Each structure stands twice: as structure tokens, then as C-alpha cells.
Amino acid sequence: MRASTTAAALALALALAAPPTIAAPRAAPKPPTAPRIITRDPTTVRHWKLYTELVFHPVNLVIDSSLPVQPRPAFILQGFDFLYPVIPGSAATDSRPDLFSGVLRADRRLLDDTPQLLADYQGPSSVATWNARAIDSFDIQFVGELWMSSWETRVDEAAARRLPRIDAQWSPRLALLLQPQLFVETADPAVVRLAERWSAELDPRTPLYFVAKHLADRAIRHFEPVEERIDSGPRFGVGASTVFKGRLTPGYRVSGAASAARTGKGSLYDLACLLTAVYRAAGIPARLVISFDIELSDRYRAPMLRASVEFFLPTQPAPANPGAAVPVDLEQGEWIPVDITRQREFSSQPQPMDQVWEHFGGSRESDFLCPIAYHWLPPEHCTNAGSPALWGWNPSPVNPVAEVEIKMWAEQRAAPDPPPPSRPPPRPRARP
């Protein structure tokens, strides 16, 4: 009896002397992973190096018939800033702005090969700028290079149907994509009327993905393409053709969303502008994506662009913040591509809404597209020399009369090297 009592006492003493056992904290449950609506097919990836060459030729509009040989005109300018877009890519493409380069020359004389990047524009996107001073030359040339990787995309509409309708407050980056831009006149009364009428046809509980699909359906039925997309030149006739030879591609025929809303006609580029504006007027952040179409350009031997639309689909609510509303930002959703021009080329009567459309979300052609811009003209104070063509400048003292020859081509390469460890980031643009 005494032995057992002694053993019990000893065990109790040891237990009291031992350090207390602290239970490991229970791991917080992970938030559910939002379903992916758009996926990139890894077997289809292609790596492209895109080249852009612009050649500016001055035009003498005054012809002196008394002279046997007409004098060759020249650019005589105090200077100018040249602007070209730099975007991060699209739902189907990753661009490499860290590998972007561009050179500005006049009569083969180097003007500037170190562009400055200005950030914080709609998209989000950046604008590269080059500076030139004291110009007296017979032509000006720009050559730019950009790396990108493109994939085919697949869409999971069943997952989109299961998403709850998120009536979001948008972050500043997404709220910018509700605002008007050149050729995307979101606040135009004709655009607003179409957005309101088409939206009123739906149940308010309709998932946002299918709201966007319905608006695309209505835009296709509303619009008839009646114009060519490319604006072939020369614009100034004999005066320009005596300076240089060859086919010109000075720009692209774009009238804009307001014109397309009123008339229901235009080029296919106007249809993309219209759908972008209707999405924004309906409260859906959207961006216009302008891409170099590799296969179509090879077919026509001219730089053909394709304009499509991407809308932002929130797939999860913003993080909770007691006492304050947290806006939905880019990290809480994904971009849904809508190749509205290819859908319209396929048929003026879209497929039934409960079927997957080839060019809404999924695409078997996007691996041959190189996105270049979200704007037809850089979203900065600038002009150009004719039809919209992605570039811009602000020459001084006046905007000279010029013909522009645009060349683009893409080469398929092996994957580029990883990004460098450090590179100065684009500086934010100056706010007015």
C-alpha cells in the first residue's frame, strides 16, 4: 500500500514539474478557390517577336507646273514627341514590356533609342515616348520590337453559370474602364439607350457572364459591316507617289461606337468599339484589344489588325474589411475575351445563348494574335497624320502633312529569357 502511494505521489510530482503542453494553433481554413472560367491550352503556346515599322514621308501639296522637276518636300520641325502603346497582353497573351525596344530616326540619323514609359492608363497600360528636336529631313522612321507569348483559350460556361452575381464596387483601375475614350463614347445618348434597352430584357439575377453574352448577341444583330477595315493610300495622290513607291497602309477605318450605335453600320472595328462602349454603359469594366493578326496579314500581304473586346468578370468578392467597403480589383476576377468581329463574320445571327460560342471566351485562333494596344490613338495629348493607326505625336510648330507607311510582321521564336532582376518601372503619368 505504501509503495503504491509513493509511486502515485512521485508521478504527480513529475507531472507538476513538467512544462505545460501548448496545443498547436489550428490552421485557418483556406478560402475556396474561385473557378477558372478561361484557361489557356498549354499545348498551343507560341512565342512571337513582333516588329513594327512606321515610315513618315512629307507631302508637298503645292505643285508648280512651271518647274520640270518638282522639289522634294522635307520635314522642318522644332521637334516632337513620338508615342506608341505598350500593354501587358490579354486574356490569351502575355507581353514582355521589359524586352520592349524602339528606335526613332530621321534620314537614318538616330534621334532617340531610349523611350520613357508612362504608366497608369486605361487597361491598365503604358505609353512609350521618344523625343526629337531640330528636325530637317526627308523622312522619319520608327522601328519597335516586342516579345509576347500567345495561347488558344478554352471556356467553362458551367462554372460561369454557378458564379453568384457580384454587384461590385470597382477599384480605381477597373473604374477607369467604365469611362469614355476616343472612339468608345460610353456616355453618348445612343450608346446609353442601347445598353439600357438590351439590359432591360434580362432578369436582374442573370449572372454577369451571361449578361455580357446577351449584350454581344444584341450588338451583332444591330450591326452590319459595310466598310473595309484598312485605309489604303496614298491619300494625297501624285504628290506623294512621286516620293516613294509601294503599297501604303496609312491607317484603319474607325468611326467609333457612337456612329455604330446610331447607324448600325461601319467597319468591323466599329463593332468592337460599340460592344466595348455598351459594356461600360451597362456598368461592366471592358477594354478594347487591338491585335496584329498574323495569319490574315500573311494572306493580304498587309498589316491587318483585329479588334476584340475583353470584359472583367469578378469571380470572388473583395476581402472583408469591417467597417469599410473594399472595392473589387484585378486580383478578384479574370478577363473574358469576346472576339466579336470574328463572331459577326461567322454569322449575323449568333448561336443560341445556352450553347458555347466559338469566339466568346474560347478561341482556337488567339495563338496567332499579337495584342498591341487598348486604344486606337495613345491615350495622351497627341495627334497623328491621318487615320487611326495606334501611334501618335505632338509636332511643333504645326502638324505637317505626311503620308505614313505601316509595316508589321511577327517571327515565331523560342521562349525568351526570364525577365531581368531589376528594371526601372514606368513612372505614373502626370495628373491634370
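How many of the 13 residues of strand S2 are buried? Hold that thought while we set the scene. This is a predicted model. The chain has 432 residues, and 51% of them are buried. Its secondary structure includes 10 helices and 21 strands. The chain exposes about 21200 Å². Carbon and sulfur atoms supply 56% of that exposed area.

Look next at the contacts. Take those between residues at least 6 apart in sequence. Of these, 77% join residues at least 24 apart. A single pair of residues will show such a link later on.

Back to strand S2, which spans residues 46–58. Here is the count: 12 of its 13 residues are buried, and the strand is mostly covered. What pairs with S2? One partner is strand S9, residues 140–150. The two run antiparallel, and 11 bridges join them. To find this pairing in the model, start at Leu 50; its bridge partner in S9 is Leu 146. Another partner is strand S20, residues 402–413. This pairing is also antiparallel, over 12 bridges. Here, pick Thr 52, whose bridge partner in S20 is Met 408.

Now turn to the spaces in the model. The largest pocket has a volume of about 340 Å³. It is lined by 18 residues, and the closest to its centre are Arg 40, Ser 90, Ala 91, Arg 287 and Trp 335. Which elements give two or more residues to this lining? They are strand S1 (38–40), strand S4 (89–90), strand S5 (93–106) and strand S17 (333–338). The lining is mixed in class, with eight nonpolar, five polar and five charged residues.

Cavities come next. The search of the whole structure finds four of 30 Å³ or more. The largest cavity holds about 180 Å³ of space. Its lining counts 19 residues. Nearest its centre lie Ser 308, Glu 310, Pro 337, Ser 366 and Leu 369. By class, this lining has seven nonpolar, nine polar and three charged residues.

Which strand gives the most to the lining of the largest cavity? Strand S16 does, with four residues. S16 covers residues 305–314. Strand S15 (286–293), S17 and strand S18 (369–373) each supply at least two residues as well. You have met S17 before: it also lines the largest pocket.

Follow S18 a little further. Why is S18 described as largely enclosed by the rest of the structure? Five of its five residues are buried, so the strand is largely enclosed. S18 pairs with S15 in the antiparallel sense, over four bridges. At one point in this pairing, Asp 293 stands opposite Leu 369. Leu 369 is also among the residues nearest the centre of the largest cavity.

Finish with one residue of S18, Ala 373. Is Ala 373 buried or exposed? Its relative accessibility is 0%, so Ala 373 counts as buried, the cut-off being under 20%. Which residues does Ala 373 touch, leaving out those up to four places away in sequence? They are Pro 85, Ile 87, Leu 288, Val 289, Ile 290 and Leu 390. Pro 85 gives the link promised earlier. Ala 373 and Pro 85 are 288 residues apart in sequence. In space, their C-alpha atoms are 5.7 Å apart. Locate both residues in the model and trace the chain from one to the other.

Technical notes. Residues are numbered from 1 along each chain as its sequence is written. This is a predicted model: local features need pLDDT of at least 70, side-chain atom pairs count only at pLDDT 80 or more; totals for chains, interfaces and linings use all residues. Side-chain values use heavy atoms; hydrogens and water are left out. On a 1 Å grid over the protein atoms alone, a cavity is a set of points where a 1.4 Å probe fits but cannot get out, and a pocket is an open set with protein on both sides within 12 Å along at least five of seven lines; lining residues have an atom within 4 Å of a point. Grid points are joined across faces, edges and corners, and a volume is the space filled by probe spheres set on the points. Ala, Val, Leu, Ile, Met, Phe, Trp, Tyr, Cys and Pro count as nonpolar, Asp, Glu, Lys and Arg as charged, and the others, Gly among them, as polar. Buried means under 20% relative accessible area, exposed over 50%, partly exposed in between (1.4 Å probe, protein chains only). Two strands pair if DSSP finds at least two bridges between them. Contact means heavy atoms within 4.5 Å. Accessible areas come from the Shrake-Rupley method with a 1.4 Å probe; for residues, only the protein chains shown count as cover.
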